[in-house]
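This report goes through one protein model part by part. Keep the sequence and the 3D view open while reading.

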Amino acid sequence: MIPSIHDRGSETIGLIRYLYGPGTKEEHTDPHLVAAFDPLTPDPGRDPKATYEQLQRLLDQPVNALPAGKRPEKHVWHLSVRAAPEDPVLSDENWAAIARRMVAATGIAPDGDEAACRWAAVRHADDHIHIIATLVRDDGRRPRLHNEARRAQAACRRIEVDHDLRRVAPGDGTAAKPPTSAERHKAEREGRDRTAREELRETVRRAVAGATSTDEFLGRLRDAGLLVRTKVLPSGDLQGYKVALPDDRNGNKEPVYYAGSTLAPDLSLPRIRKRFSGNTPSQDSGAPSVEAPSGPATARRRTATAAWQAVLVIDHAEDAQVAAHIAAAGEVLDALAKTSAAHTRAELREAAFKFERATRSHVQAERGHDHALRQAARDLVRSGPALGRGEDGATTAMAIDMLFFLVTAAAHWHAKKNHAQQAAAARQAAEHLRAAYRAAADIPLGVLYQWGRRLPLPLRQRQAAYLRQAVPELAEQALAEPGWFALAATLADAEAAGHDPAGLLSEAAGLRELETADSVCEVLVWRLRRMADLPADATAMPERAATASPGNSRTARPSASRSDQPHRTR
């Protein structure tokens, strides 16, 4: 059950007309009162003699009783409470009880307070109610509404238990502010997939990914097409910034600006500057710390390495260091989504969007330890867009594979810390990474599958012997997987490049447990190709490059029976 406290208003009659009206898309059905401060409150929805104006005058009476100069300008309080889609349809009596608990919990009408604020709860759909209240008590005083949003959330958690509803993960006050109903309705009217607030948050996050100075960050915002305003102190120091979409205008046709801190707590300028704190002086001026990657494939290979190192940190490091790595992982996801090919971009964008919630908790990040991941994000941005084929496409699959493990490790860490919302967000991001991986890995693994099937039987048997020697506990499972052919081809490539296949296998399998992997072979393929510095695209191996035709380079895995094709699930 989700409570949403909306922006305060100044016209009681306007909100009443909306609640009892047809809705912006004719979605309101049978609007009626389910509860109110007074059982005799008129209901314009069910009583043909009752009017909107009667209800408005009754609610506004304590406000109008004050002298004109003492009336609050924004006196209309509005709370909506929505059940989850899978919850049963609640009766009017259930919603009435929920409304009374919400006004008591938030301080609008505490239990037993006969001089509390006046309120009414309106239902115009099966799954939610709206509570309207006026912010002057019957005794002329103002209500005490400190931390009303947090208290509303706590009340909903108790209501979920009492009514056997879906349990929503409790928050900790570190989430970004959600879009208001007005912002959502505006986005719907204008045909936007996301609200301006959400679009700006995503764009700002992408701009900060891997940035090393304030000037670079602000420049990226402008390059992304945003309108940018900065606030400068008399000393000349920059205090903050605001951003707007060029086509998002208010009623006066003026751009609607959002301060970074209102988009997300970690997007305020002081918090962003903390990300730069681990940089050297040359970095803070915008100069790169290491040689720029030669192309998207190199950047993705570096990303895979940095992600894997971060997995090991999350498993064993102090909390402050882990928090920094998880926050930097969000930058990597933003950068990867920004620079990936069309067939993976949508899922990567959703993964980054969901993981944003996992990047913040009350554990204070210790900056500086996240340098490798932030450098990986910077490399991805500087290397530019990747192609969806060849080495670019194959290293994208490699990077996503490693990032999947990183995001999953973050979910486990948050769960152990009882960060329920962050753990849920990381798990959701992992599902989108899983889908992106399938799209990215299909062709490169298909190529490896074909090469593996073409290996002479004695050579395949030798690779199987290496597997049994290095990981006897997993060997039979791996040999039974369709992906075994791709692993056999990779072991053959490693051996041809002068590596010890059994030694590589032992090291790769020992880095982290494999028992929970859906495909042991696929995980080992990417680990081995990264560790042995083999091309992720198998057709780029020297002994194959001369014989691999463009058709072969895009050979997909056969779509025959399950036993004939590699397993694509993470």
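## Trp526 and the nonpolar cores

In this predicted model, Trp526 touches a set of residues that lie more than four places away in sequence. They are Ala394, Ala397, Met398, Asp401, Met402, Tyr437, Ala441, Pro444, Leu445 and Ala536. Trp526 is also one of the residues with the most contacts inside the largest nonpolar core, together with Phe355, Leu406, Leu433 and Leu487. That core has 92 residues. The element that gives the most to this core is helix α15, residues 390–416, with 14 residues.

A second core is separate and has 31 residues, among them Ala99, Met102, Ile131 and Leu145. In soluble globular proteins, nonpolar side chains tend to be buried together.

## Strands β1 to β5

Strand β3 covers residues 76–82, and 6 of its 7 residues are buried. Strand β1, residues 2–5, pairs with β3 in the antiparallel sense over 4 bridges. One of the partnerships here is that of Ile5 with Leu79 in β3. Strand β5, residues 128–134, also pairs with β3, again in the antiparallel sense, over 7 bridges. In this pairing the bridge partner of Ser80 is His130 in β5. Strands of a sheet pair through backbone hydrogen bonds, either parallel or antiparallel.

Strand β4, residues 119–123, has 5 of its 5 residues buried. In a regular strand the side chains alternate between the two faces of the sheet. On one side of β4 are Trp119, Ala121 and Arg123, and on the other are Ala120 and Val122. Both faces are covered. Strand β2, residues 32–36, is joined to β4 by 4 bridges and runs antiparallel to β4; within this pairing Ala35 stands opposite Ala121. β4 is also joined to β5 by 4 bridges, and these two strands run antiparallel. Ala120 stands opposite Ile132 in β5. The strands β4 and β5 form a hairpin, with 4 residues between them.

## Cysteines without a disulfide

How many disulfides does a search of the whole structure find? The search finds 0. A disulfide is a covalent bond between the sulfur atoms of two cysteines. Cys117 is in no disulfide, and the nearest cysteine sulfur to that of Cys117 belongs to Cys156, 19 Å away.

Why does Cys156 form no bond with Cys117? The two sulfurs are 19 Å apart, which is too far for a bond, because a disulfide needs sulfur atoms within 2.5 Å. Are these two cysteines buried or exposed? Cys117 has a relative accessibility of 2%, so Cys117 counts as buried. Cys156 is buried as well, with a relative accessible area of 0%.

## Helix α5 and the sheet β6-β7-β8

Helix α5 covers residues 181–189, and its buried residues are Ser181, Glu183, His185, Lys186 and Ala187. What do the buried residues of α5 pack against? They pack against α1 (12–20), α6 (196–208) and β8 (258–259). Just after α5, Gly191 takes a positive phi of about 75°.

β8 also belongs to an open sheet of 3 strands, in the order β6-β7-β8, with antiparallel pairing. The edge strands are β6 (227–232) and β8, and each of these pairs on one side only. β6 pairs with strand β7, residues 238–244, in the antiparallel sense over 6 bridges. Val228 has Val243 in β7 as its bridge partner. Helix α6 lies across β7 and β8 and runs at about 125° to β7.

## Confidence in the model

The protein averages a pLDDT of 88, and 91% of the residues score at least 70. Where does pLDDT stay under 50? One stretch is residues 280–289, for which the model has 19 contacts beyond four places in sequence. Another is residues 545–569, for which the model has 56 such contacts. Where pLDDT is low, the predicted coordinates should not be read in detail.

Definitions and conventions
Residues numbered from 1 in each chain as written. Predicted model: local features only at pLDDT ≥ 70, side-chain atom pairs only at ≥ 80, totals over all residues. Heavy atoms only, no water. Buried < 20%, exposed > 50% of the residue type's maximum accessible area, 1.4 Å probe, protein only. Pairing = 2+ DSSP bridges. pLDDT = per-residue confidence, 0-100. Contact = heavy atoms within 4.5 Å. Axes fitted to C-alpha atoms, helices over the stretch in contact; angles between N-to-C directions. Core = buried A, V, L, I, M, F, W, Y, C linked by side-chain atoms within 4.5 Å.
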